[in-house]
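Me: I'm new to reading protein models and would love a close look at a single part of this one. Could you walk me through it slowly?

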Amino acid sequence: MARDTTDQTPLSSVQELTDYLAVGSKPKERFRIGTEHEKFAFFRADNSPVPYFGEASISALLKGLQQKSGWDAIMDGDNMIGLGEPNGMGAISIEPGGQFELSGAPLETIHETCKESNAHLATLREIAEPMGIRFLGIGGSPKWTLTETPVMPKSRYEIMTRYMPKVGSRGLDMMYRTCTIQVNLDFSSEADMRKKMRVSMKLQSLATALFASSPFTESKLNGLLSWRGEIWRDTDNNRSGLLDFTFRDDFGFHDYVEWALDVPMYFVVRDGHYHDCTHVTFRQFMNGALKGEVAAWEPTMGDWTNHLSTLFPDVRLKRFLEMRGADGGPWRRICGLPAFWVGLLYDNAALEDADMLTKDWTFDEVSALRDAVPSQGLRAKFRGHELYETAREVIAVSKAGLRARNMLNKEGQDESIFLAPLDEVMAKKATLAEDLLALYHGRWNGSVEPVFEEYQY
């Protein structure tokens, strides 16, 4: 999220929080695709990380992009920490360790998503090249220690950095040393949201396996295919992972609100200042817990919106659904990840097929799969078979969904072509992580350094 919200509309009831989510429902013809991707900035000369300050830096990249694009600067104190498209349709932000993120505009097709990401990367290269900066597209920082990783001057990250070690062993790694591709998708009603969230929550570990690309840490093998997936197993389990209530047939907006109310907060923003609120839940905040601590202690809609952005389940509900399971990866995967989920969730027949395929999957089964996938990938066992078998079925459903959807749109362009990276995974029976491992053991001669050259954008 590029910009923390300061909506001052007062809150007085839990029903208002539920209504906020429900307003996200929209007719199918207004469904859009919002794709986000992160990448590691590095200096080409020595593959070292790019700091925030300096002539060749993250701040210099942001200033260059602002001059080139005319987008609005997003400030935290005196520091530019992001850019927002003037009409609010897209944003650029920086993650805690300097990971550079494009939060794309809500678009109608995967073709538009690909054009958007390609244009962004081309513009970014034009600005970064004179500084000797390039960008790496994989899921985990392959070389730098936490100490070597730069720290961005963003107030919410300062609060998170202090808090993370109290609630899990891997939160700082998540913040500073991982990258993701994710897609944000719409729903038409509470029932539609329920089905989409139930299906995508159950299949998120499959996406982790298909897009696994983080087998290196601190210049060594980490014994995993998705280090990023492993990190999420112990980041902050009060606010992340699988949500058991989403497996129920009667789950709705209110259930998500009730869960979110009891998750500790990170902060409230008052007069541009971030107040650490990690000692209270949002429910306690609603009941007056910050009275006497913060001058304007009454909760606002902006506080609720910000709180929703600090929850990290595998599928996050806002006024849309965020698919959060995938590692970062090369350009074709920036198109492949949204194609995978759009095919499953935006065609009614495909969504019904995916729902029937996963309908009797239990929380315990999916939880066990989520534990196995970071190390075993598509070779993880599920119901007596390797996950490859399930992946083949699910990709077929997605492909059929994309083709059916394309028959109905005005251009009729085939979006299923963007599943090609997943078709290759299935044909080779090897994920990108396994390709990287083969290179490491082969012509890279036990070094991770070539990954910066061969997997840069």
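Which residues does F340 touch, not counting residues up to four places away in sequence?

Reply: Happy to help! Keep in mind that this is a predicted model. Leaving out residues up to four places away in sequence, F340 touches L206, A207, L210, V394, I395, S398, L419 and L422.

Let's see what surrounds that residue. The largest nonpolar core has 110 residues, and F340 is among the four that touch the most other members, together with L210, Y256 and W341. L210 is also one of the residues that F340 touches. Another core lies apart from this one; it has 20 residues, including A212, F216, V448 and Y455. As background, nonpolar side chains in soluble globular proteins tend to be buried together.

F340 also takes part in a meeting of two helices. Helix α11 covers residues 331–345, helix α15 covers residues 420–428, and the two pack with their axes 8 Å apart at an angle of about 90°. The helices α11 and α15 are therefore roughly perpendicular to each other. On the α11 side, R332, R333 and F340 make the contact, and on the α15 side A420, P421, L422, E424 and V425 do. Sorted by type, the residues of this contact are five nonpolar, three charged and no polar.

Now for charged pairs elsewhere in the model. Side chains of opposite charge can pair when their charged atoms come close. The structure holds 35 salt bridges, and one of them joins the side chains of K26 and D186, at 3.4 Å from N to O. K26 sits in the loop between α1 and β1, while D186 sits in the loop between β8 and α6, so this pair ties together parts that are 160 residues apart in sequence. D186 is buried, with a relative accessible area of 6%.

A second pair is R198 with D355, whose closest N and O atoms are 3.0 Å apart. R198 belongs to helix α6 and D355 to helix α12, so parts 157 residues apart in sequence are tied together here. Both R198 and D355 are buried.

For a contrast in setting, look at R283 and D262, a salt bridge whose closest N and O atoms are 2.8 Å apart. R283 lies in helix α9 and D262 in the loop between α8 and β12, so the parts they tie together are 21 residues apart in sequence. R283 counts as partly exposed at 25% relative accessibility, and D262 counts as partly exposed at 44%.

Finally, salt bridges can link up: R170, D173, R177 and E218 form a network of them.

Note on methods: Residues numbered from 1 in each chain as written. Predicted model: local features only at pLDDT ≥ 70, side-chain atom pairs only at ≥ 80, totals over all residues. Heavy atoms only, no water. Axes fitted to C-alpha atoms, helices over the stretch in contact; angles between N-to-C directions. Helix = DSSP H or I, 4+ residues; strand = E, 2+ residues; numbered from the N terminus. Parallel < 35°, antiparallel > 145°, perpendicular 65-115°, else oblique. Contact = heavy atoms within 4.5 Å. Nonpolar A, V, L, I, M, F, W, Y, C, P; charged D, E, K, R; others polar. Core = buried A, V, L, I, M, F, W, Y, C linked by side-chain atoms within 4.5 Å. Buried < 20%, exposed > 50% of the residue type's maximum accessible area, 1.4 Å probe, protein only. Salt bridge = Lys/Arg side-chain N within 4 Å of Asp/Glu carboxyl O.
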